Amino acid sequence: MAMPELNRYELMWMLVLFDLPVVEKAERKAATDFRNFLLDNGFSMVQYSIYTKLFSGKDACEKYYKLIGRNLPSEGKVDIITITDKQYENIISYTAAEKTPKKRQEQLLLF
């Protein structure tokens, strides 16, 4: 029996972007705790204050909207953006070492 192909319009990427104060020791701890919370819940760091995670659909994201809301630091700004895998594939990345843009690599599924 063939495995059904995943629909790239149903798979959702959640991006958590934040700007947290880190002047005081307690603020640095809160920011570190929030980053660790994201990592412990399966998010990957894209940049120091941008984390992503792939979900099977919009409904699967709902649990994490609430979970993140319950674990926000007391200060700072946190935004959550959710886009389809098809939209995410259009990301173009530059690095300081390479001036040629790179498209995102095709996702591999292993079972």
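Two strands are said to pair if DSSP finds at least two bridges between them, and a strand is itself a DSSP run (E, at least two residues), just as a helix is a run of H or I with at least four residues, both being numbered from the N terminus. With these terms in hand, the report turns to strand E3 and its neighbours.

The structure is a predicted model, in which local features need pLDDT of at least 70 and side-chain atom pairs count only at pLDDT 80 or more, while totals for chains, interfaces and linings use all residues. Residues are numbered from 1 along each chain as its sequence is written, and side-chain values use heavy atoms, with hydrogens and water left out.

The protein contains three helices and six strands, and from the N terminus on these elements follow the order β-α-β-β-α-β-α-β-β. Of its 111 residues, 28% are buried, where buried means under 20% relative accessible area, exposed means over 50%, and partly exposed lies in between (1.4 Å probe, protein chains only). Among contacts (heavy atoms within 4.5 Å) between residues at least 6 apart in sequence, 65% join residues at least 24 apart.

Strand E3, which spans residues 50–55, is mostly covered, since five of its six residues are buried. Strand E1 (residues 12–19) runs antiparallel to E3 and is joined to it by six bridges. Strand E2 (residues 44–47) also pairs with E3 in the antiparallel sense, here over three bridges, and a hairpin of two residues connects E2 to E3. Some of the residues that face each other across these pairings are set out below.

| Residue | Partner in E3 |
|---|---|
| Met12 | Phe55 |
| Ser44 | Thr52 |
| Met45 | Tyr51 |

One residue of this strand deserves a closer look, namely Thr52, which lies in E3. Thr52 counts as buried because its relative accessibility is 5%. Leaving aside residues up to four places away in sequence, Thr52 touches Trp13, Met14, Leu15, Gly42, Phe43, Ser44, Val46 and Tyr88. Ser44, one of these contacts, is also the residue that stands opposite Thr52 in the strand pairing. As a general point, the side chains of a regular strand alternate between the two faces of the sheet.
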